[in-house]
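Q: Could you take a close look at the salt bridges in this model for me? I'd like to hear which side chains pair up and how buried or exposed they are.

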Amino acid sequence: MNDAVVNAPMAGSSTNPDLKWYVVHAYSGMEKAVERNIIERIARSGMESKFGRILVPTEEVVEVKNGQKRTTERKFFPGYVLVEMVMDDDTWHLVKHTNKVTGFVGGAKNRPAPISEADVAKIVSQMQEGTDKPRHKVEFEVGEYIRVKEGPFTDFNGTVEEVNYERNKMRVSVTIFGRATPVELEFSQVEKT
C-alpha cells in the first residue's frame, strides 16, 4: 500500500478508496461511549486520514408512559459499532485497544473482514427511516395473542383484532364466559404472552 496516499489528508471520508466499513463489538450499553472513545483516540494519535465515519445504528421509537408519548432512541444492533477505516496495524491496534471494545467481528483474529457497502447502505436507510417515521417500541400484530395486565379485564387473554398506533389503542377479542367479546384497550393495559 502506498503510504503517501494513505497519509494524505482527506477532504471527505468517502474520497479515500481504502476506507472500508468494519463491525466492532462493544460492551452492551456502551456503544456511544465506544464511539466517543474511538473519536478521541483518533484525534490524539493524529490518524484522522485513516478513519471515516463511526456509526452506532439507532432508530427512534415511540413509547407511551403514563399517557405521555415519548420518542426515545433504540439501538437495533446492541453491542455493535460500525467504523469506516483503513485497516492496517496502527488502526487495528487503535480500535482493538479502545476502552470497552471487545474486538472486531468477522475475518481472522488480527485481520477483520470488512462488511459490504450494500449492508452499510441498508443500515443507514433503516436509521433514516426511524428518524422520519418513528416506530412504536412495542409493535402488535393482528392475530397475535396477548394478556391483559390492568383494567377490568386483568388476567384475561385475547387475540388482537385491530391496532391503532395514532390513538395507542387496540381492539382485542377476549373470551368471557365462553364467548368472544371485542374490547378496546390501551397499549399500556396489555402485554405480549
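A: Let's start with Glu 161, which counts as partly exposed because its relative accessibility is 35%. Bear in mind that this is a predicted model. Its partner is Arg 171: the two form a salt bridge, with the closest N and O atoms 3.1 Å apart. That pair links distant parts of the chain, since Glu 161 sits in strand E9 (residues 157-164) and Arg 171 in strand E10 (residues 169-176), ten residues apart. Arg 171 is partly exposed as well, with a relative accessible area of 35%.

Now for Glu 59 and Arg 74. These two make a salt bridge, and here the closest N and O atoms are 3.0 Å apart. Glu 59 belongs to strand E3 (residues 58-65) and Arg 74 to strand E4 (residues 68-75), so this salt bridge ties together parts that are 15 residues apart in sequence. Glu 59 has a relative accessibility of 4%, so it counts as buried. Arg 74, on the other hand, comes in at 25% and therefore counts as partly exposed; the cut-off for buried is under 20%.

Then there's Arg 53 with Glu 84, whose side chains meet in a salt bridge at 3.2 Å, N to O. Again distant parts of the chain are linked: Arg 53 is in strand E2 and Glu 84 in strand E5, 31 residues apart. The acid is the buried partner, because Glu 84 has just 4% relative accessibility. Arg 53 has 43%, so it goes down as partly exposed.

Those strands also turn up around a helix. Strand E2 (51-55) and strand E5 (80-85) are among the elements that the buried residues of H3 pack against, along with strand E1 (20-26), helix H2 (31-45) and strand E6 (101-104). The buried residues in question are Thr 91, Trp 92, Leu 94 and Val 95, in a helix that runs over residues 89-96. Look down the axis of H3 and you'll see them fall within an arc of 165 degrees, which means they line one face of the helix. At the N-terminal end of H3, Asp 88 acts as a cap, with a side-chain oxygen 3.0 Å from the backbone nitrogen of Asp 90.

Back to the charged side chains: Arg 147, Asp 155 and Glu 191 are linked in a network of salt bridges. Across the whole structure, a search turns up eleven salt bridges.

Note on methods: Residues are numbered from 1 along each chain as its sequence is written. This is a predicted model: local features need pLDDT of at least 70, side-chain atom pairs count only at pLDDT 80 or more; totals for chains, interfaces and linings use all residues. Side-chain values use heavy atoms; hydrogens and water are left out. Buried means under 20% relative accessible area, exposed over 50%, partly exposed in between (1.4 Å probe, protein chains only). Helices (H or I, at least four residues) and strands (E, at least two) are DSSP runs, numbered from the N terminus. The arc is that of the directions from the helix axis to the C-beta atoms. Contact means heavy atoms within 4.5 Å. A polar contact is a pair of N or O atoms within 3.5 Å; within protein, one must be able to donate a hydrogen and the other to accept it, and residues adjacent in sequence count only if both atoms are side-chain atoms. A salt bridge is a side-chain nitrogen of Lys or Arg within 4 Å of a carboxyl oxygen of Asp or Glu.
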